[in-house]
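Trainee: I'd like to go through this model with you and ask how each label is earned. Can we start once it's on screen?

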Amino acid sequence: MAAPTTATEFLAIVRQSGLINETTFREYFRHDEDLPPEPSACATALVRAHLLTPFQARHLLAGKFRGLSLGPYRILNQIGQGGMGAVYLAQHTELDRQVALKMLPADKAKDKLAIERFKREARAAAALDHPNIVKVFDVFHASGLYFMVMEYVAGKDLETVIKESGALHFATAIAHVLQTAAGLQHAHEKGFVHRDIKPANLLLSKSGTIKILDMGLARSFEARDQVTEQLDQSALAGTADYVSPEQSLGMPQDQRSDIYSLGATLYTLVTGRPPYRGNTAQLLMQHQFAEPPRMSKRLKSTVPEALNDVIGRMMAKKKDDRYQSADEVIDALTPFVSGGESGVTSDTVTVRRGTTKSLPRPQDPSHPKHWSRRRWATLAGILVLTLVGVGGWILASGSSKPRGQSAQQNNGPGPAPAPSPAPSQPEPIPEKRVQMAGYDAAIGNDGMMPSF
């Protein structure tokens, strides 16, 4: 439909969209003539009355109304864009609940491989029920497109966090990774390996909870998943900065592949950059042969030497040399954020199938109560890891080291970023920058849903 040239034409499109209940509309405007005669000004008035969102108004001003109302869902905004589709914030009108709608791109809606991967993501996520994994509620097909209804998480992904705030304090990074490991342990116990763990797929909610998203590459490592295995024969799963050696070679993968990617993710969170640098081919070669670079000497604040050894084991080239489960990763990392040496003032880490472990407030090291048995046990454990690391360093002393690079490091624990302030209503409606559900998308006049 052509863009409206009068308020009357604009209101006709608004009514066709099904976004506004006529009774509610009349509570604000008794007559259509009460609105400005120019379409843009009319749209602005409806936005100010909270009858439309800026995103909806831009579509309607362009003459596009199909797809803004999908069954019980009303599209409020676009909150993300990825390779497997756009993500929209939507409102369930009957339940009065906000959800995230992930839409398979229109150009892939007829592609068998894309549709099967989309459904696989939904099946994998729907089979999991854990506080550290984004929930999937439903999948439906409308207007020739496929949609996935997901839990809406207000926050930012960790890639956005480190881009905006720099590298995290090691204890904060570990707290995030512990929650991720707890979610992965649940997925692994259900027979699923994620295959694309990276900061961009870890959402940090406003409450401080980490949520794993994007199960688009998830695969069951049991024999029953032969169909999706055939679909992946010609595809490289994962992201080059975080991919495990076996993934890049197309070899069998299991939970230890996720542990490798989680180790690379932890390195990135602490240093502000991935472990290796180069083009895709160079990255894949380094994941095959290069030892993980050690962190302590390139950061402003001191990182425990033993943490290098834990990351080194998580990123071991051979699967048998890594931690064999996410539970083992939790055991290895927990001492770094317990006993008060973490510098974390308050936090709650979800560990082991949904139970919670509260991180204590730091104490004065000179206080006699600070030197508890648990403290001594923690220090003894770190000492053992350090000795193991020294031995490994001696054996690997002939290996090449990556070029030095400065990394921004927070001296403090790096709490979760404060939510962005609500933007004021513009007139006319300009580009609006939103940061929701872990995505940072600029929505301007080109931020349109595809035509239905």
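Mentor: Sure, with the sheet: three strands in the order S7-S9-S10 make an open sheet of 3 strands with antiparallel pairing. S7 and S10 each have a single partner strand, so they stand at the edges, and one side of each is left without a neighbour in the sheet. On average, neighbouring strands here are turned by 30° against each other, direction ignored. This is a predicted model, where local features need pLDDT of at least 70 and side-chain atom pairs count only at pLDDT 80 or more, while totals for chains, interfaces and linings use all residues. Residues are numbered from 1 along each chain as its sequence is written, and side-chain values use heavy atoms, leaving out hydrogens and water.

Trainee: What makes S7 and S9 a pair?

Mentor: Strands are DSSP runs of E with at least two residues, helices are runs of H or I with at least four, and both are numbered from the N terminus. Two strands pair if DSSP finds at least two bridges between them. S7 (residues 155-157) and S9 have 3 bridges, in the antiparallel sense, so they pass that cut-off. Among the bridge partners, Asp157 goes with Leu203 and Lys156 with Leu204.

Trainee: And how many bridges join S9 to S10?

Mentor: Again 3, with S10 covering residues 210-212 and running antiparallel to S9. Leu204 stands opposite Ile210 there. The hairpin of these two strands has 4 residues between them, and Gly208 takes a positive phi near 95° in it.

Trainee: Which helix lies across S7, S9 and S10?

Mentor: H6 (residues 158-165), running at about 90° to S7. H7 packs on the sheet too, touching S9 and S10, and its direction makes about 40° with that of S10. Such angles run from 0 to 180 degrees between N-to-C directions, with axes fitted to C-alpha atoms, for helices over the stretch in contact.

Trainee: Why is Asn308 called buried?

Mentor: Buried means under 20% relative accessible area, exposed over 50%, and partly exposed in between, using a 1.4 Å probe and protein chains only. Asn308 has 5% relative accessibility, so it counts as buried. Asn308 is in helix H12 (residues 305-314).

Trainee: What does the side chain of Asn308 reach?

Mentor: The backbone nitrogen of Met295, at 2.7 Å. For a polar contact you want a pair of N or O atoms within 3.5 Å; within protein, one must be able to donate a hydrogen and the other to accept it, and residues adjacent in sequence count only if both atoms are side-chain atoms. Beyond four places in sequence, Asn308 is also in contact (heavy atoms within 4.5 Å) with Pro293, Arg294, Met295 and Ser296.

Trainee: How do you know that the buried residues of H1 are on the same side?

Mentor: H1 (residues 7-17) has Ala7, Phe10, Leu11, Ile13, Val14 and Ser17 buried. They cover an arc of only 155° around the axis, which puts them on the same side of H1. That arc is taken from the directions from the helix axis to the C-beta atoms. These residues pack against H2 (22-28), H3 (39-48), H4 (54-61) and strand S1 (69-70).

Trainee: Which residues touch the most other members of the largest nonpolar core?

Mentor: Of its 73 residues, Ile174, Leu262, Leu266, Val270, Met295, Leu307 and Leu333 do. H7 (residues 170-189) gives the most to this core, with 10 residues. A nonpolar core is a set of buried Ala, Val, Leu, Ile, Met, Phe, Trp, Tyr and Cys residues joined through side-chain atoms within 4.5 Å.
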